[in-house]
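Colleague: Please take one part of this model and go through it closely. I would like to know what surrounds it and how the pieces beside it pack.

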Amino acid sequence: MKLVASESLSRLAVLHCSACDTEYSAFDLQRVSACCQVPLVADYDLHQPLSRAVIDQADTSMWRYGALLPLLHEENKVTLGEGLTPLLRLPRLAARHELAHLLLKDEGQNPTGSFKARGLSMAVSKAKEMGVEGCIIPTAGNAGVALAAYCARAGLRAVVVMPRHTPQAFQEECLWYGAEVELVDGLISDCGARVRQRNADGALLDISTLKEPYRLEGKKTMGYEIAEQLNWTLPDVLLYPAGGGTGLIGIWKAFQEMKQLGWLAPHVKLPRMVAVQAENCCPLLETYEGRQPNCHNYHGHATLANGLAVPHPLGENMMLRVLRESHGTVVSVSEEGMLDGMRDLGHQEGLFVAPEGGAVWTAARQLLATGAIHPDEKILLLNTGNGQKYMDNVAGRARG
Ligand SMILES: *Cc1c(COP(=O)(O)O)cnc(C)c1O
Ligand SMILES: [Zn+2]
């Protein structure tokens with residue numbers, strides 16, 4: 001189906017291959033790049049000036065940045081009010097650890113309980129716009145729940161393939177949204193193989209991380225919000241729990257776009273981006289530290305932080321580029337470390353975060369201990385999910 005951009009607020013212009021820059025039409029259905037089989041990235045026409053006044057202040061969701069999002073026609077928008085999550089100060093933890101500025105963006109407050117809502121709201125809206133009949137996704141949990149919810153709202157068929165060991169709450173919630181759920185022995189990579197087999201005829205749109213270009217565009221709105229919420233300044237360091245890496249790549253993309261637009265003053269320094277992984281599954285760390293050439297042969301294990309159990313991220317090179325360009329780094333956290341972080345955020349700040357969020361706080365403490373982060377820097381933690389769906393795995397651990 002061919003689409004026309006005319007009369008649309010969106011400045012969407014073209015897609016490019018993330019490896020070799022070959023351009024592809026943004027107005028046809030695309031998956032990975034035909035040239036290099038890697039993710040495609042959306043470009044916008046930023047030549048014509050676009051002031052911050054295009055932000056729709058009446059819209060309290062991520063859709064307030066519509067001009068910089070890929071949806072062409074308003075009537076295709078599939079929304080549950082995702083985004084514009086609170087950016088909270090953590091005064092008690094900051095005082096305890098003698099930190100000058102400790103902030104947390106609480107993505108657990110999104111519809112369906114995680115930041116996956118952003119990517120799936122966008123991808124399902126575009127799927128609807130492209131006229132597909134249904135979507136299929138391999139997931140560690142949260143992405144499947146979000147896909148199921150947004151497909152229900154769009155009237156599209158949803159097929160969710162997740163590891164059998166995923167906590168029951170994730171499976172159940174998908175069923176309540178009317179999705180078909182298939183359980184697979186293994187990790188998300190095994191679910192990905194099953195999705196390819198099950199969808200060999202291509203009847204459904206494969207919404208796997210970075211296999212279509214628009215989940216990334218949803219996730220990038222976190223970057224716009226962080227800048228807007230900090231009155232167009234940025235933190236010194238940003239810690240993000242990286243699985244497939246869409247958030248890390250997306251936030252960095254938003255910072256680049258805002259620089260180009262002039263929304264960030266030239267003197268505003270971009271933060272060092274820190275990817276936080278699980279010790280049980282840290283392919284990015286292994287590649288970064290040169291113990292393997294890339295993630296293809298990596299063998300990962302299950303972790304409390306389901307979202308980090310991604311042994312073969314398709315976007316590994318894109319993540320490495322973000323770390324390099326931002327002078328960031330990657331660290332891993334143990335299972336106990338995640339629980340410690342969850343306890344701290346719960347006991348001290350009233351936040352019941354996902355293990356991924358717990359990992360991020362513990363990672364910050366690890367980097368403070370080595371001197372890689374200074375106590376007077378502005379530190380921003382991303383909590384990507386709500387702890388409640390992980391109850392099967394964390395019940396009884398609140399007291400350490
Ligand atoms: C999916 C997920 C992640 C990892 O996100 P990526 O964009 O794949 O890096 C982190 N935390 C939670 C709670 C998730 O669901
Ligand atoms: Zn290419």
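Modeller: In this predicted model, the side chain of E225 comes to 3.5 Å from the backbone nitrogen of T85. E225 is part of helix α6. Its relative accessible area is 0%, and because anything under 20% counts as buried, E225 is buried. Apart from neighbours within four places in sequence, the residues in contact with E225 are M62, Y65, G83, L84, T85, K105 and R118. T85 therefore appears both in that list of contacts and as the owner of the backbone nitrogen that the E225 side chain reaches.

The helix that carries E225 also packs against another helix. Two packed helices are described by the angle between their axes and the distance between the axes. Helix α6 covers residues 214–229 and helix α7 covers residues 246–261; their axes come within 7 Å and cross at roughly 55°. Since an angle of that kind falls outside the ranges for roughly parallel, roughly perpendicular and roughly antiparallel, α6 is oblique to α7. The crossing of the two is right-handed. On the α6 side, the contact is made by L216, E217, K219, K220, M222, G223, Y224 and A227. On the α7 side, the residues are T246, G247, I249, G250, I251, K253, A254, F255, E257, M258 and L261. By type, the residues of this contact divide into ten nonpolar, four polar and five charged.

A second helix pair can be set beside this one. Helix α10 (residues 335–349) and helix α11 (residues 355–370) have axes 7 Å apart and pack at an angle of about 95°. An angle from 65 to 115 degrees counts as roughly perpendicular, so that word applies to α10 and α11. From α10, the residues G337, M338, D340, G341, M342, D344 and L345 meet P355, G357, G358, A359, W361, T362 and R365 of α11. The residues of that contact comprise six nonpolar, five polar and three charged.

For a buried residue in a loop, take T139, which sits between β6 (134–138) and α3 (142–154). T139 counts as buried because its relative accessibility is 1%. A polar atom of the T139 side chain lies 2.7 Å from the backbone nitrogen of G141. Leaving out residues up to four places away in sequence, T139 touches G144, V160, V161, M162, P163, I188 and C191.

How values were computed. Residues numbered from 1 in each chain as written. Chains lettered and ligands numbered in written order. Predicted model: local features only at pLDDT ≥ 70, side-chain atom pairs only at ≥ 80, totals over all residues. Heavy atoms only, no water. Axes fitted to C-alpha atoms, helices over the stretch in contact; angles between N-to-C directions. Helix = DSSP H or I, 4+ residues; strand = E, 2+ residues; numbered from the N terminus. Parallel < 35°, antiparallel > 145°, perpendicular 65-115°, else oblique. Left-handed = near helix turned anticlockwise from the far one by under 90°. Contact = heavy atoms within 4.5 Å. Nonpolar A, V, L, I, M, F, W, Y, C, P; charged D, E, K, R; others polar. Buried < 20%, exposed > 50% of the residue type's maximum accessible area, 1.4 Å probe, protein only. Polar contact = N/O pair within 3.5 Å; in protein donor to acceptor, adjacent residues only side chain to side chain.
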